[in-house]
Amino acid sequence: MKPEQLNPGLLWKHFSSICSIPHPSGHLEGISRYVKLIAERNNLQIKTDEAGNILVSKPASKGRENLPVITLQSHLDMVPQKNSRTEHDFIKDPVKTYVDGEWLKAQGTTLGADNGIGVAASLAAMEDSSLRHGPLEMFFTVDEETGMVGSLSLKEDFLKGKILMNLDSEHEGEIFIGCAGGVEAKVVIPVSREPLSGEKTALKIALRGLRGGHSGLDIHLGRGNALKILAEIIAESTEHFDIALYDLYGGTVSNAIPREAFCTVALPKNDLERFKQFCLGSGEKFKNELGLVDPNISVELTETEKTDQSPLTVQTQNSLLRSLLECPNGVTGRNSENPDLVETSLNLALIHTEEKCIEAVLLLRSSNDSSRDRLAQRLQTLFKAIGAEVYLYGEYPGWQPDFGSRVVDMMKRCYKSLFDDELKVSVVHAGLECGIIGSKYPKMELVSFGPTIRFPHSPDESVHIPSVGRFWSFLVQLLNCAGKYY
């Protein structure tokens, strides 16, 4: 079954089209044209800004012109993650989908339900003439996944909405009214190299099979970080073998937990088999430690030709590995009033090696600015001790919850009347654009909701098909009943 054959048909039709259009962050020309095309076909007003954000306005249904403007907001870009053995070019190739029971999935890549379902819902709202609603805005932001670029570029006079409904959450039956802020850290570690001494054999080491996931939504699940694990394996091996490290790399984007990591080493040929057994045993050790959280971890070793560049000096190698082992990762602090809520976290997201430096990117999240700043200072102290430079950039604010807001009350009542069930109201440890938009429009009421999406930012991403129907029914009901509350 194809997405366009599912219900609600209009939403799934648009999601199918979105999947056929490559749209990773930084490459949004095709999907932007598609959004504008749908707006033009329906004779709707289109406005764009310098960043490339798109705003489409739809007039109110007859008799509802005096209701407050509601803004439906979603982001156009997707996270481009794929398994290393999957042949896929996110800039050129469509996402290939398939139905697995009640779930829609992609073949070896991210699905893009984050935030393609939200975009599709806004497009369906544009086209559906049967909807009853007040004045509507459909607001599409650019490059949310690479630093909230669109919302940070937003001007204070671009939107007219009094209520903003962000369609970028992953738990149907739950709305979010608060989120963590964040900042990215780029670490540049200078390296020294020296010619390889003696006859040694080079090996490529690949650590694969980890589940990864969203570095905010999934950070509390205890999943393995491929970069941390591989660094630990190599660091421990130096106690038993004469290892020369050439490089270390892995990860792709800052907001995804790295699933794979790679390095190249050289060692005496006489130690080769014993070293292979050591690495395979280390992989089994981590598989046992991670248990059901990450059951498919594997270590692969392949002999290779020596690289053109020399290996790292012993001092550089030891400093790098020690700093990576000492680098905090995962949950670093929980809410003092509710320990079930993550307050602060860090994701060692990606590393790549150049001839004269090694660069690492980390994403810090926190709902507490002081905790975030202390963690950033800890990072700076750690890496500056080995001569590295640490650059902080892309800071965005958190979103403080208002549990007593009128829009929350409206949504709870609508959900109860529609599904005879209680709506959960939560705060999420992830970055939502609501925090940034709310800082620029302080009088706007904001809320975030969506269908159920599992494992966003990883090739295991899937969307629960029945929850999309409930999400759409809820959105239609909200637009219809807003007049009762405003």
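**Unusual backbone geometry in a predicted model**

Met148 lies in the loop between β6 and α4, and in this predicted model the phi angle of Met148 is near 55°, which is a positive value in a residue other than glycine. Such a value deserves a second look, because most residues other than glycine have a negative phi. Met148 has a relative accessibility of 4% and therefore counts as buried, since the cut-off for a buried residue is under 20% relative accessible area.

The loop that holds Met148 also contains Asp143, which is found between β6, residues 136-141, and α4, residues 149-152. Asp143 is likewise not a glycine, and its phi is near 50°, again a positive value. With a relative accessibility of 15%, Asp143 also falls under the 20% cut-off and so counts as buried.

Elsewhere in the chain, the peptide bonds themselves call for attention, because most peptide bonds are trans. The bond that runs from Asn7 to Pro8 is instead cis, with an omega near 0°, and Pro8 has its place in the segment before helix α1, which covers residues 9-20.

A further cis peptide bond joins Asp114 to Asn115, and here omega is near 10°. Where does Asn115 sit in the fold? Asn115 is found in helix α3, which takes in residues 113-127, whereas Pro8, on the other cis bond described here, lies in the segment before α1.

Notes:
Residues numbered from 1 in each chain as written. Predicted model: local features only at pLDDT ≥ 70, side-chain atom pairs only at ≥ 80, totals over all residues. Heavy atoms only, no water. Helix = DSSP H or I, 4+ residues; strand = E, 2+ residues; numbered from the N terminus. Buried < 20%, exposed > 50% of the residue type's maximum accessible area, 1.4 Å probe, protein only.
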